[in-house]
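Morning, everyone. I will put the structure up and then go through a few local features in turn.

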Amino acid sequence: MSTATNTASTIESVLVENRVFPPDERASKGARISSMAAYEALRKEAETDPDGFWAKRAREKLVWTKPFTRVLDESNAPFYRWFDDGELNASANCLDRHIGTPAENKTAIIFEADDGSVTQISYKDLLTRVSQFANALKQEGIGKGDRVIIYMPMTIEGVIAMQACARIGATHSVVFGGFSAKALQERIIDAGAVAVITANYQLRGGKELPLKSIVDEGIALGGCESIKTVLVYERTLGNWNRVEGRDKTFTEVLEGQNTHCEPTPVGAEHPLFILYTSGSTGKPKGVQHSTGGYLLWARMTMEWTFDIRPEDVFWCTADIGWITGHTYVAYGPLAAGATQVIFEGIPTYPNAGRFWQMIERHKVSVFYTAPTAIRSLIKAADSDEKVHPKNWNLSSLRILGSVGEPINPEAWVWYHKNVGGEKCPIVDTFWQTENGGHLITPLPGATPLVPGSCTLPLPGIAAAIVDETGKDIPNGSGGMLVVKRPWPSMIRTIWNDPERFKKAYFPAEMGGTIYLAGDGAVRDAKTGYFRITGRIDDVLNVSGHRMGTMEIESALVAKTDMVAEAAVVGRPDELTGEAICAFVVLKRPRPTGDEAKAIAKELRDWVAKEIGPIAKPKDIRFGDNLPKTRSGKIMRRLLRSIAKGEAITQDTSTLENPAILEQLAQAN
Ligand code: WTA
């Protein structure tokens, strides 16, 4: 494993921002955690009696059909179990729980479509629609323990599909609508899914993009015999091809369905979902989450991090295809009984003022988005005054959030000033697919903010920075981020691969029970605040999307008629955080000029087909060879320097073919 220092750092900021921003009174007044003393007290309580701390909250915040008597079971570590003799249902906790309370007629979702039209749905009506869809799933023979792939656009129907699976105890696996047929097929096979829920088309930025035909293509690639049903939501009037006996529309299966569906109780450890994410090898990992612990964390973090209140309008811009869209769209806001906005489109259509216009229109009070989006909107506002946030009334905002990648201080300060009017705390939330919800984040009513720092761990999160052997590293020096104690919403296993789970997250060198995040971090010598320095493994973060370098390499070398060898690294990018840079050796002589351009395009399109457009390399450089040691190992750290355009200062004496560096540095 490499160390934090030789990874491509994504924070290459020119602005050093040392100002401290104390919480604004509007955020701290009446907040659940309204001072650092209150935070400290909670942290201490969780540390002194973790079982008592979590048991109390699990009883208070969740409805159990069978109460649990055990809290944390560590007997088979690192396969930790939480509340495992208790039973509950996630959908009942998100919907039924509000019936008969003042929230019953409250708006659950304000949906704004790509074209700007708006639909609202109350908690009561959402429950009816989820129940009917759950009954339809049952009628299709889908039940507890079955895996269902959801390949849907950002719509109310996407959330209904997830909630309906949860209601009948089926484990969903949402695949982001930007993934390819091949990526979809791999996930169907790995999950052993019995059904796919999809839409005929998705609407984004005024364009109608096919989804159903990609499902057909994926299944046709083979090995998907487990799929018995494909359910199609007709989002548009567009034509699609029906496979008789397998495909049905939403309208057909919903016809005459009962509006009541008794939620199926499941054990707290029952897998609520599997979500595939990139790791250090070519094969994506099926991150398995529980029902009880996961939902508890979704609810708690809505309260702690967003200090969610009954009158809030919450808007998380993440797609349901990512973990942020699971925890902070499909489950957290509903478990907390909040009103939330769901947006189908993209931030730049019809223009880059769309987010600001929507905040004004729906009076959004808590807004949660990714640094990449902010950076692209800064750029747009700089070049066109008409899309600058100052053109809209954003005074409804109370709290701003950031997620998915480090937020550079320039973007932070702009977001704070121009969107938050210098009144809204920014919660820079650090967490991962594997964590279920926030790990390290400011609390809006308590934590003094430092731009570029995710500040301090939530109560109960034993975050630390250690060296390769698990030994603590003093504040002020960089090391590997770990969590030393289990927490309720942590990953339970990798679907179908418990050995990989142990190896990837609980390294034996550290004792086998400490969670290794895969990120480098450093704590401030004075405040103890955490700053994330970037991944220490072969995972890139492009526009807040996780991509494995090996995954892209595997895709490239799968083009066997052309590619002999490929190595992929990241380099810092102003807009996307990191950019994908591929070094390729072809089976033919090294191309130059127009030929190189044409082949690069062909390879980019190939990667888009193998994985999805988000995995397309930005740079492709061709060489006669790659820099290798005498034993044949590719020297990636040299490639990282070349990708960045840096002079090579590292020792190259172990290199078999030093001349190759010059060639690659010049190739473009
Ligand atoms: C990065 C997204 C710095 C980090 C929720 C992590 C961050 C990876 C932050 C997980 C942040 C996420 N500051 N880096 N606030 N949030 N990351 O699984 O490298 O898609 O390991 O989960 O994103 O990405 P994932």
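Start with helices α10, residues 292-304, and α11, residues 323-335: in this predicted model they pack at an angle of about 80°, and their axes are 8 Å apart. Angles from 65 to 115 degrees count as roughly perpendicular, so that is the term for α10 and α11 relative to each other. On the α10 side, the residues in contact are Tyr294, Leu295, Ala298, Arg299, Thr301 and Met302. They meet His326, Thr327, Tyr328, Tyr331, Gly332, Pro333 and Ala335 of α11. Sorted by class, this contact has eight nonpolar residues, four polar ones and one charged one.

Next, the sheets. One is an open sheet of seven strands, and its order is β6-β5-β18-β17-β19-β20-β21. The pairing in this sheet is mixed. At the edges are β6, residues 118-122, and β21, residues 426-429, each of which pairs on one side only. From one strand to the next, the twist averages 20°.

Inside that order, take β17, residues 313-316, and β19, residues 366-369. This pair runs in the parallel sense over three bridges. If you want a residue to click on, Phe314 has Val366 in β19 as its bridge partner.

At the β6 end there is also a helix to look at. Helix α5, residues 123-139, lies across β5 (107-112) and β6. The direction of α5 is at about 90° to β6.

The other sheet I want to show is also open, with four strands in the order β22-β23-β25-β26, and its pairing is antiparallel. Which strands stand at the edges? They are β22, at 463-466, and β26, at 530-535; each has a single partner strand, so one side of each is left without a neighbour in the sheet. Neighbouring strands here are turned by 45° against each other on average, with direction ignored.

The partner of β22 is β23, residues 478-483, and the two pair in the antiparallel sense over four bridges. Ile465 stands opposite Leu481 in β23.

Now the empty space. Rolling a probe the size of a water molecule over the atoms shows where such space is left. How many cavities of 30 Å³ or more does the structure hold? There are four of them. I will show the second largest, which has a volume of about 50 Å³. Its lining consists of Asn89, Ala90, Cys165, Ala166, Gly169, Ala170, Val266, His270, Pro271, Leu272 and Thr291. By class, the lining of this second largest cavity has seven nonpolar and four polar residues, and no charged ones.

Last, some backbone details. As background, most peptide bonds are trans, and most residues other than glycine have a negative phi.

Against that, the bond from Ala77 to Pro78 is cis, with omega near 5°. Pro78 sits in the loop between β2 (72-73) and β3 (81-82). Tyr349 and Pro350 are also joined by a cis peptide bond, where omega is about 0°. Pro350 is in the loop that lies between β18, residues 339-343, and α12, residues 354-362.

As for phi, Thr455 has a positive value, near 60°, in a residue other than glycine. Thr455 is located in the loop between β21 and β22, and β22 is the edge strand from the four-stranded sheet I showed earlier.

That is my list, and I can go back to any of these views.

Methods: Residues numbered from 1 in each chain as written. Predicted model: local features only at pLDDT ≥ 70, side-chain atom pairs only at ≥ 80, totals over all residues. Heavy atoms only, no water. Axes fitted to C-alpha atoms, helices over the stretch in contact; angles between N-to-C directions. Parallel < 35°, antiparallel > 145°, perpendicular 65-115°, else oblique. Contact = heavy atoms within 4.5 Å. Nonpolar A, V, L, I, M, F, W, Y, C, P; charged D, E, K, R; others polar. 1 Å grid on protein atoms, 1.4 Å probe; cavity = no way out; pocket = protein on both sides within 12 Å on 5 of 7 lines; lining within 4 Å. Points joined across faces, edges and corners; volume = space filled by probe spheres on them. Pairing = 2+ DSSP bridges.
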